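Me: I should like to work through this structure by question and answer. Please reason briefly before each result.

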Amino acid sequence: MKKEIIKDVNLIAACGLYCGSCGKLKRGKCPGCKENEKASWCKIRLCCIEKEINNCSYCIEFSNPKECTKYNNFIARAIEYVFITDRSLCIESLKEDGEEKFVQLMSDKGWVSMPKKKKL
């Protein structure tokens with residue numbers, strides 16, 4: 001039985017992923033980014049906690065998250081390449097449309113991250 005996607009702005013991860021569409025969260029195996037104290041390894045999460053911001057869309061230090069070395073590192077680029085996703089598109093969407101519309105889009109599509117735009 002497939003568990004329903006959870007619509008909750010508190011499930012937006014620091015990096016822009018949407019935990020409400022994640023299978024691990026839906027199965028009760030993960031509390032999501034904000035509540036996951038075991039995720040102390042995540043530099044993005046720690047940065048947002050230190051800056052007291054919900055996610056990178058609120059960062060005033062970098063207008064584009066790809067300029068930030070915590071956000072845009074080798075591992076992040078490799079994961080985006082393998083899964084054909086682009087978390088920075090999530091941050092753009094959060095900035096442009098706000099958290100409520102972002103959650104609605106991500107839950108409607110069942111996405112954890114936005115797919116990478118195709119180059120024309």
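Me: Which residue follows α2, and what is the sign of its phi?
Reply: This is a predicted model. Helix α2 covers residues 43-51. The residue that follows α2 is E52, and its phi, near 55°, is positive.

Me: Which residues of helix α2 are buried, and over what arc do they lie?
Reply: The buried residues of α2 are I44, R45, C47 and C48. They lie on the same side of α2, because around the axis they cover an arc of only 160°.

Me: Which exposed residues does the face of α2 turned away from its buried side carry?
Reply: The buried side of α2 has a cover that includes α4 (87-109). The face turned away from that side carries two exposed residues, K43 and E50.

Me: Which helix supplies the largest share of the largest nonpolar core?
Reply: The largest nonpolar core has 26 residues, and I12, Y18, I44, Y71 and F102 have the most contacts inside it. At least two residues of this core come from each of α2 and α4. The largest share, seven residues, is supplied by α4.

Me: What is the accessible area of the nonpolar patch on the surface that includes V82?
Reply: In soluble globular proteins, nonpolar side chains tend to be buried together. V82, in helix α3 (residues 74-83), is nevertheless exposed, because its relative accessible area of 58% is over the 50% cut-off. With F74, I75, I79, Y81 and F83, V82 forms a nonpolar patch on the surface, and together these residues have an accessible area of about 780 Å².

How values were computed
Residues numbered from 1 in each chain as written. Predicted model: local features only at pLDDT ≥ 70, side-chain atom pairs only at ≥ 80, totals over all residues. Heavy atoms only, no water. Buried < 20%, exposed > 50% of the residue type's maximum accessible area, 1.4 Å probe, protein only. Helix = DSSP H or I, 4+ residues; strand = E, 2+ residues; numbered from the N terminus. Arc of directions from axis to C-beta. Contact = heavy atoms within 4.5 Å. Patch = residues over 30% accessible without salt bridge, like charges linked within 9 Å, V, L, I, M, F, W, Y side chains within 5 Å. Areas by Shrake-Rupley, 256 points an atom, 1.4 Å probe, with all protein chains shown as cover. Salt bridge = Lys/Arg side-chain N within 4 Å of Asp/Glu carboxyl O. Core = buried A, V, L, I, M, F, W, Y, C linked by side-chain atoms within 4.5 Å.
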